[in-house]
Every structure is written in structure tokens, then in C-alpha cells.
Amino acid sequence: MRTVAPSSDLVAELDQVQYRTRQGPCVDAIAEHEIYRTGDLADEDRWPDFTPAAVRAGVRSMLSYRLFVTENTLGALNIYSSKVSAFSAQTELDGRTFATHAAIALVGAQHEADLYAAIEHRDTIGMAKGILTQRHDLDPLQAFNMLVAASQHSNLKLHAVATWLVEHRHDT
């Protein structure tokens with residue numbers, strides 16, 4: 001786990017405590033697929049290795065949401081407050097709507113990044129297919145399938161296998 005967009009150094013620090021101790025509302029929201037809302041962290045006994053650090057830092061209540069669109073977890077949204085019982089049932093409900101929209105936006109951004117990566121690497125993959133087509137008298141589909149098999153066998157991304165082949169085409 002890692003914190004991608006903390007709103008402050010304190011948030012990043014407390015997230016790290018949760019990751020290190022494997023305890024806290026964020027960790028449980030991800031693992032248990034539930035929303036966690038706390039009253040007073042000073043009285044909280046679910047996370048004995050996390051809550052003392054949060055209270056020392058001035059955090060008294062938290063609200064954590066698992067971000068997901070399908071069964072795959074994308075991350076978590078954590079809201080921290082210095083006030084005891086800062087989050088009501090209505091706040092939790094409103095936050096659920098926001099977390100849903102955030103998850104949808106995150107999936108869209110990931111999909112867009114994947115498309116840009118595919119466009120960026122398509123020429124290299126095409127060159128690798130051409131090398132295999134010429135060397136082994138294959139059609140383009142057979143060459144592509146050979147690259148896919150090499151990718152799976154080596155546990156490397158397809159573009160990494162293609163890049164290696166293009167860069168080392170004169171070595172053999």
C-alpha cells in the first residue's frame with residue numbers, strides 16, 4: 001500500500017503507520033470491503049498499534065472508504081479529523097457517494113493511462129512482430145502470439161519483451 005495524494009504531511013505519516021502496523025481504518029476498509037467510521041480514537045480498541053500514534057498526532061476520528069468499481073480494490077479514501085465523533089451517519093452516506101465518484105474517476109484515469117501506454121509501445125511491438133515474421137517465416141498473428149507467449153513465460157510486459165527483441169535483433 002502507498003499514499004498517492006495526501007492532503008498533508010500528517011496524513012501521509014499516519015497512513016504510513018497504518019501500513020507498517022497493518023492496522024487502522026484504511027487497512028480494514030481495503031481488507032474487509034467496508035466503511036469504517038470512528039468515534040473517539042482514544043477509546044478505540046480495534047487498532048491498538050495504530051490509534052496511539054493517531055491520538056498523539058492530534059487525530060481523534062476517522063472515516064475510511066474502500067475505492068472500487070468491480071471486485072478489484074483501487075485504494076482507499078481516508079478522512080481525518082481532530083474532533084471526537086466528527087463524522088455522522090449522514091457524513092458517512094455523503095462520503096460514500098463521493099468515494100463512488102472518485103473510484104469511477106480513478107478507473108477512467110487508469111484506463112486512459114493504459115491506452116496512452118499502448119499507443120506509445122505499438123510501434124515497438126510492430127517492429128518486433130516484423131522481426132519475428134521475417135526470421136521465422138510467420139504471419140503477423142503468429143508473430144504476435146509468439147511475443148505474447150514470451151511475455152507470459154518471462155513474466156514481463158509485452159512491450160518489454162518487444163523492446164528487448166528490437167534492441168537485441170543484431171545479437172543473434
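**Aspartate 40**

I looked up what aspartate 40 touches in this predicted model, and, leaving aside residues up to four places away in sequence, I found Arg60, Val84 and Ser85. I then placed aspartate 40 in the chain, where it belongs to the loop between strand S1 (36-37) and H3. Is aspartate 40 buried or exposed? Its relative accessibility is 15%, and because buried means under 20%, I noted aspartate 40 as buried.

I went on to the polar atoms of this side chain. The side chains of aspartate 40 and arginine 60 are joined by a polar contact of 2.8 Å, so I could set down Arg60 both as a residue that aspartate 40 touches and as its polar partner. A polar atom of the aspartate 40 side chain also lies 3.0 Å from the backbone nitrogen of alanine 42.

**Serine 85 and aspartate 137**

Serine 85, which I had already met as a residue touched by aspartate 40, lies in the loop between S3 and H4. I checked its backbone and found a phi near 50°, which is a positive value in a residue other than glycine. With a relative accessible area of 47%, serine 85 is partly exposed.

I made the same checks on aspartate 137, which lies in the loop between H4 and H5. Aspartate 137 is not a glycine, yet its phi is positive, at about 55°. Its relative accessible area is 70%, and since exposed means over 50%, I entered aspartate 137 as exposed.

**Arginine 96**

I found arginine 96 in helix H4 (residues 89-136), and at 44% relative accessibility I counted it as partly exposed. Which residues does arginine 96 touch, not counting those up to four places away in sequence? The answer I wrote down is Ile35 and Tyr65. I also looked up the separation of arginine 96 from glutamate 34: the two are 62 residues apart along the chain, while their C-alpha atoms are separated by 11 Å.

**Helix H1**

For helix H1 (residues 9-21) I compared an expected length with the model. The helix has 13 residues, and at 1.5 Å a residue it should span 18 Å; the expected span counts one less than the number of residues, and the end C-alpha atoms are 18 Å apart, so the two values agree.

I then looked at both ends of H1. At the N-terminal end serine 8 acts as a cap, with a side-chain oxygen 3.4 Å from the backbone nitrogen of leucine 10. Just after H1, arginine 22 takes a positive phi of about 60°.

Which residues of H1 are buried? I listed Val11, Leu14, Asp15, Val17, Gln18 and Tyr19. Among the elements that cover these buried residues are helix H2 (25-32), helix H3 (51-56), strand S2 (61-68) and strand S3 (73-81).

**Helices H5 and H6**

My last entry concerns helix H5 (residues 140-154) and helix H6 (residues 158-167), which pack at an angle of about 110° with their axes 9 Å apart. Because angles of 65 to 115 degrees count as roughly perpendicular, I described H5 as roughly perpendicular to H6. On the H5 side the contact is made by Phe144, Leu147, Val148, Ala150, Ser151 and Ser154, and on the H6 side by Leu158, Val161, Ala162 and Leu165. Sorting the residues of this contact by class, I recorded eight nonpolar, two polar and no charged residues.

Note on methods
Residues numbered from 1 in each chain as written. Predicted model: local features only at pLDDT ≥ 70, side-chain atom pairs only at ≥ 80, totals over all residues. Heavy atoms only, no water. Axes fitted to C-alpha atoms, helices over the stretch in contact; angles between N-to-C directions. Helix = DSSP H or I, 4+ residues; strand = E, 2+ residues; numbered from the N terminus. Parallel < 35°, antiparallel > 145°, perpendicular 65-115°, else oblique. Contact = heavy atoms within 4.5 Å. Nonpolar A, V, L, I, M, F, W, Y, C, P; charged D, E, K, R; others polar. Buried < 20%, exposed > 50% of the residue type's maximum accessible area, 1.4 Å probe, protein only. Polar contact = N/O pair within 3.5 Å; in protein donor to acceptor, adjacent residues only side chain to side chain.
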